[in-house]
Amino acid sequence: METNGQANGLKSKKKENGDGKDNLWSAILEEVQNQGNTKLPSNKNVLVLGDNETGKTTLVAKLQGVEDPKKGSALEYAYIDVRDEYRDDHTRLSVWVLDGDPGHTNLLKFALSEETFPHTLVILTVAMTTPWGVLDQLQSWASVLGDHIDKLDLTPEQRLQSKKQQVQKWQRYTEPGDELEPTASSPMKRSSRNLSDELDDDDDDNPLPDAVLTTNLGLDIVVVATKTDYMSTLEKEHDYRDEHFDFMQQWVRRFCLQYGAALFYTSAKEDKNCDLLYKYLTHRIYGLPFRTPALIVEKDAVLIPAGWDSMKKISILYENMQTCKPDDYYRDVIVQPATRKSGAHREAEVTADDEQAFLQRQLAALNAGTPAPRAESPLRPAHRATGPLEGGKISMGPGTPGNEGVLANFFNSLLYKNKPGSPGTRTPDASPAAAAARSDAAAELERITRAKRAPPPIDLNTSEC
């Protein structure tokens, strides 16, 4: 029995030695595998939602580094090249841009599915060119997104875990301050406390601040207010003041608190915050460094990372509000300018009648009796001359109106009373027949002139071409 026990001991000793070797190789393989897993994943997505004309395509082009954006339709697909300079790694970030037409919301299923849900970040865009619609647009698209997520075939555990991660990301935010970017001497130094794979249950007992994540969709959300360069136009042309922009900002920030979203004011035209937005997206999605603190001094370049803001910080904006209160209805303060007065002119325009209706009225008028004669223009003779030039003069019939008499005088003066030697005149015919015709015309014109004393007579001798 002892021999058997010794044999078993030797076997177990050999087995332990073998296990040690196996464990060593396993550790090496695991380390290599972990190093391989540090590469940037290729399954990450960004979904961009917003009304038309809010600059979605231009914003994506700016993130891509493209100068000439090409707008598509319905559901656009693009990608952003992401590079980790410190690990010499790169990947592609997929970007889906949904058309602002509500009729295209059914296409969301292709961009946000059960498989892509854990790997998707959502950007909600609004534009400063239409500040009166900012809050309504944010609430509308957040509702569309929430309805779509509710329809996804996710397990209760998946939904709970995704919401829990959003809570922990908010709680774990730390102010980066004005630190420098990591250097080559410390390439792995990263502010990656927001990464979901580093979250644990340590913060479960810490309650969220007031009004934060009251609507938790389980997704990273970034609100981007585009075209902030237009704010100067609002000041000059529509009398916007600082209190209007502060009122607008505090409402947008309260919305961001509700959904746990970050906030960026950007201008592709002036290149404001576009680079910082790119860095924030790569930080939020891949854990790359982002060391820019919140920026709230410049009203057209606001930057608020998720986790930084609070109702107490928002209340600082209330001090500048003189003619409005923070809880006033948004559209009562940010009123759409009444610039569409052209609509009233369009209503007053006379439109052409339907052809058939016009002809029916004319037929009815003809059947009822002879219609009244059309009023003649004072520049047009009421009666035609009884004949052409007769005897060297324009023949006038009986009852010729005074206007026609005047016209006859004028034209006859052109025919026969031009002064010799004047530019463009003919020398009168010296033949006896021509002289007789001129004499008859002069006598006729003298008679007409005496008969029509009401209008001032025209001096034929002074009439010229």
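In this predicted model, pLDDT stays under 50 over residues 377-400, yet the model still has 32 contacts for that stretch beyond four places in sequence. As for the chain overall, the average pLDDT comes to 78, and 64% of the residues score at least 70. Residues 10-16 also sit below 50 in pLDDT, and here the model shows 0 contacts beyond near neighbours in sequence.

Turning to the helices, α4 covers residues 134-151 and pairs up with α7: the two pack at an angle of about 15°, and their axes lie 10 Å apart. Since angles under 35 degrees count as roughly parallel, that is what α4 is relative to α7. The crossing of α4 past α7 is right-handed. On the α4 side the contact is made by V134, L135, L138, Q139 and A142, and these meet W251, V252, F255 and Y259 of α7.

Q137 belongs to α4 too. Its relative accessible area is just 12%, so Q137 counts as buried. Leaving aside residues up to four places away in sequence, Q137 touches D51, T54, V126 and T130.

Helix α5 (residues 156-171) has the length one would expect: at 1.5 Å a residue, its 16 residues should span 22 Å, and the C-alpha atoms at its ends are 23 Å apart, which agrees. Buried in α5 are S162, Q166, Q168, K169 and W170. The cover over these buried residues includes the strand β5 (220-226) along with the helices α7 (242-259) and α8 (274-286). Helix α7 thus turns up twice, packing with α4 and helping to cover the buried residues of α5.

Notes
Residues numbered from 1 in each chain as written. Predicted model: local features only at pLDDT ≥ 70, side-chain atom pairs only at ≥ 80, totals over all residues. Heavy atoms only, no water. pLDDT = per-residue confidence, 0-100. Contact = heavy atoms within 4.5 Å. Helix = DSSP H or I, 4+ residues; strand = E, 2+ residues; numbered from the N terminus. Buried < 20%, exposed > 50% of the residue type's maximum accessible area, 1.4 Å probe, protein only. Expected span 1.5 Å × (residues − 1). Axes fitted to C-alpha atoms, helices over the stretch in contact; angles between N-to-C directions. Parallel < 35°, antiparallel > 145°, perpendicular 65-115°, else oblique. Left-handed = near helix turned anticlockwise from the far one by under 90°.
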